[in-house]
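Reader: I would like a close look at a single part of this model. Start from one residue and its contacts, then work outwards. Keep it brisk.

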Amino acid sequence: LDHTAKYRLSALMLAVLNGHREIVRLLIAAGADLTLRGRGAPGFAGKTALDLAIQRGDDELVRLLEGPGSA
């Protein structure tokens, strides 16, 4: 579930970057690690999935990643 690819991006991070909200929901429900941080590239280094959602300006993804009670 938390295997990472290039720049240490997880499936959750890639789903966020591509705006795949339903996949983000499924990965969160499955227990994806929300604390993983990207590496290497300036756009990803040190950033979590939440940081990437904020950077993307996607309020719905931000709410999903912040968890219950954030809406």
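Author: Start with R39. Setting aside neighbours within four places in sequence, R39 is in contact with Y7, R8, F44 and A45. This is a predicted model, so every value here is computed from predicted coordinates.

R39 sits in the loop between α2 and α3. Is R39 buried or exposed? R39 has a relative accessible area of 53%, and the cut-off for exposed is over 50%, so R39 counts as exposed. R39 also comes close in space to a residue remote in sequence. The C-alpha atoms of R39 and L9 are 7.8 Å apart, with their positions 30 residues apart in sequence.

Now take the partners of R39, beginning with Y7. Y7 is placed in the segment before α1. Its relative accessibility is 36%, so Y7 counts as partly exposed. The backbone of Y7 deserves a look. Phi of Y7 is positive, at about 65°, although Y7 is not a glycine. Most residues other than glycine have a negative phi.

R8 repeats the theme. R8 lies in the segment before α1. Phi of R8 is near 60°, again a positive value in a residue other than glycine. R8 has a relative accessible area of 28% and is therefore partly exposed.

Two of the partners of R39, Y7 and F44, also meet each other. How many aromatic pairs does the model hold? The count comes to one aromatic pair. Y7 and F44 form that pair, with 5.7 Å from centre to centre and 40° between the planes. The pair is classed as tilted, because the planes are neither under 30 degrees apart, as in a stacked pair, nor over 60, as in an edge-to-face pair. The pair links distant parts of the chain. Y7 belongs to the segment before α1 (11–17), while F44 belongs to the loop between α2 (21–29) and α3. The two are 37 residues apart.

Stay with the segment before α1 and look at T4. T4 is found in that segment. T4 has 26% relative accessibility, so T4 counts as partly exposed. Leaving aside neighbours within four places in sequence, T4 is in contact with L9, S10 and L36. L36 is 32 residues from T4 along the chain, yet their C-alpha atoms are separated by 9.1 Å.

L36 appears again beside T48. T48 has its place in the loop between α2 and α3. With a relative accessible area of 8%, T48 is buried. That contrasts with R39, which lies in the loop between α2 and α3 and is exposed. Beyond neighbours within four places in sequence, T48 is in contact with M13, L34, T35, L36 and R37.

Next, the helices beyond that loop. Two packed helices are described by the angle between their axes and the distance between the axes.

Take helix α3 (residues 49–56) and helix α4 (residues 59–66). Their axes come within 8 Å and cross at roughly 160°. The cut-off for roughly antiparallel is over 145 degrees, so α3 is roughly antiparallel to α4. The crossing of α3 past α4 is left-handed. Which residues of α3 and α4 make the contact? From α3 come A49, L50, A53 and I54. From α4 come L61, V62, L65 and E66. By class, the residues of this contact are seven nonpolar, no polar and one charged.

A53 also gives a distance to R63. The two are 10 residues apart in sequence and 9.3 Å apart in space, C-alpha to C-alpha. R63 has its place in helix α4. At 38% relative accessibility, R63 counts as partly exposed.

Helix α4 also meets α2. The axes of α2 and α4 come within 10 Å and cross at roughly 5°. The two helices are therefore roughly parallel to each other. On the α2 side, R21, V24, R25 and I28 make the contact. On the α4 side, the residues are E60, L61, L64 and L65. This contact has five nonpolar, no polar and three charged residues. L61 and L65 are named in the contact with α3 and in the contact with α2.

To close, return to R39. R39 is exposed, and its contacts include both members of the aromatic pair, Y7 and F44.

How values were computed
Residues are numbered from 1 along each chain as its sequence is written. This is a predicted model: local features need pLDDT of at least 70, side-chain atom pairs count only at pLDDT 80 or more; totals for chains, interfaces and linings use all residues. Side-chain values use heavy atoms; hydrogens and water are left out. Axes are lines fitted to C-alpha atoms, for helices over the stretch in contact, and angles run from 0 to 180 degrees between N-to-C directions. Helices (H or I, at least four residues) and strands (E, at least two) are DSSP runs, numbered from the N terminus. Angles under 35 degrees count as roughly parallel, over 145 as roughly antiparallel, 65 to 115 as roughly perpendicular and the rest as oblique. A crossing is left-handed if the near helix is turned anticlockwise from the far one by less than a right angle, and right-handed if clockwise. Contact means heavy atoms within 4.5 Å. Ala, Val, Leu, Ile, Met, Phe, Trp, Tyr, Cys and Pro count as nonpolar, Asp, Glu, Lys and Arg as charged, and the others, Gly among them, as polar. Rings of Phe, Tyr and Trp (its six-membered ring) pair if their centres lie within 6.5 Å; planes under 30 degrees apart count as stacked, over 60 as edge-to-face and the rest as tilted. Buried means under 20% relative accessible area, exposed over 50%, partly exposed in between (1.4 Å probe, protein chains only).
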